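Here's a quick briefing for anyone opening this one up fresh. Have a look at the picture, then read on for the main points.

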Amino acid sequence: MTGKWSRINGDFQMFNAIYKHLTRKSEENKADHIENAKTSYMERYGNKKFQYVHAWNILKSYPKWDAAKPIDEDNLVELFGPNPRARPASKPRPAKIQKSVDTSSAGGRTGGSTRGSQPESIMGALSHDYRHICEAAEATYEAKRKKELGMLECRELEFLMIDASSLPPEKAAYI
């Protein structure tokens, strides 16, 4: 996610602005708002689908994405710029520059830049959420396993408590 953050961030911002505008405008449920926002996003940005709804659902509750005041829909181009931006034919695409991350400390200061801190914090939040989901799944599995063991014990006790004298001779011999 860190390598694609610039593009994803722009898409998130635009989708979130559309979603926030729709939620303030009507009284529909969340699922309808998301579907309407997807449709509006696709119409506005040249039949380009918003493909990050699963990640947006996680990020939308964080303060950065939960804007306090509504964004005017007419000013989206002014806020986010035209989309998609066409590259002039005369300009070739620049070569990618590899950035190294320096995690060493020198003199109490950490090396490297803080430019990657936001994607790293989002990755941390996503891994934190994933860790909670895994812990919940593990707890659910343990509870289910304990329940099944308890049910098995109950059946064994019921079997041991059967009075063989009231059964037909074939079943009594088995017990």
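Let's start with Ile-162: it's partly exposed, with a relative accessible area of 37%. You'll find Ile-162 in the loop between helix 5 and helix 6 (169-174), and it belongs to a nonpolar surface patch. Keep in mind as you go that this is a predicted model.

**The nonpolar patch**

- Ile-162 shares the patch with Leu-157, Phe-159, Leu-160, Met-161, Tyr-174 and Ile-175, and together they make about 810 Å² of nonpolar surface.
- Which helix gives the patch its largest share? That's helix 5 (residues 117-160), with three residues.
- Ile-162 can join such a patch because its relative accessible area is 37%, and patch residues need over 30%.

**The overall layout**

- The protein's secondary structure adds up to six helices and two strands.
- Going along the sequence, you get the pattern α-α-α-α-β-β-α-α.
- There are 175 residues in the protein, and 18% of them are buried.
- About 14,000 Å² of the protein is exposed, with carbon and sulfur atoms supplying 55% of that.
- Take the contacts with a separation of 6 or more: residues 24 or more positions apart account for 60% of them.

**The largest nonpolar core**

- The largest nonpolar core has 19 residues, and the ones touching the most other members are Phe-12, Phe-15, Tyr-41 and Phe-50.
- Three helices each supply at least two residues of this core: helix 1 (5-25), helix 2 (30-44) and helix 3 (53-59).
- Helix 1 gives the largest share of the core, at eight residues.
- What does Phe-15 touch, once you set aside residues up to four places away in sequence? The list is Ile-34, Ala-37, Lys-38, Tyr-41, Phe-50 and Trp-56.

**His-33 in helix 2**

- His-33 is found in helix 2.
- Is His-33 buried or exposed? With a relative accessible area of 5%, His-33 is buried, since the cut-off for buried is under 20%.
- Leaving out neighbours within four places in sequence, His-33 is in contact with Tyr-19, Leu-22, Thr-23, Ser-26 and Glu-28.

**Salt bridges**

- Side chains of opposite charge can pair when their charged atoms come close.
- How many salt bridges does the structure hold? There are two.
- One of the salt bridges brings together the side chains of Lys-38 and Glu-35, at 3.4 Å from N to O.
- Lys-38 and Glu-35 are both in helix 2, three residues apart, which is about one turn of the helix.
- Lys-38 counts as partly exposed at 29% relative accessibility, and Glu-35 also counts as partly exposed, at 44%.
- Lys-38 turns up in the contacts of Phe-15 too.
- In another salt bridge, the side chains of Glu-142 and Arg-145 meet at 3.2 Å, N to O.
- Glu-142 and Arg-145 both sit in helix 5, again three residues apart, or about one turn of the helix.
- Glu-142 is partly exposed at 30% relative accessibility, and Arg-145 is partly exposed with a relative accessible area of 35%.

**Cysteines**

- A disulfide is a covalent bond between the sulfur atoms of two cysteines.
- How many disulfides does this structure hold? The count is zero.
- Cys-134 is partly exposed, with a relative accessible area of 33%.
- Cys-154 is partly exposed as well, with a relative accessible area of 45%.

Definitions and conventions. Residues are numbered from 1 along each chain as its sequence is written. This is a predicted model: local features need pLDDT of at least 70, side-chain atom pairs count only at pLDDT 80 or more; totals for chains, interfaces and linings use all residues. Side-chain values use heavy atoms; hydrogens and water are left out. A nonpolar core is a set of buried Ala, Val, Leu, Ile, Met, Phe, Trp, Tyr and Cys residues joined through side-chain atoms within 4.5 Å. Buried means under 20% relative accessible area, exposed over 50%, partly exposed in between (1.4 Å probe, protein chains only). Helices (H or I, at least four residues) and strands (E, at least two) are DSSP runs, numbered from the N terminus. Contact means heavy atoms within 4.5 Å. Accessible areas come from the Shrake-Rupley method with a 1.4 Å probe; for residues, only the protein chains shown count as cover. Patches are made of residues with over 30% relative accessible area and no salt bridge: like charges are joined within 9 Å, nonpolar side chains (Val, Leu, Ile, Met, Phe, Trp, Tyr) within 5 Å. A salt bridge is a side-chain nitrogen of Lys or Arg within 4 Å of a carboxyl oxygen of Asp or Glu. A disulfide is a pair of cysteine sulfur atoms within 2.5 Å.
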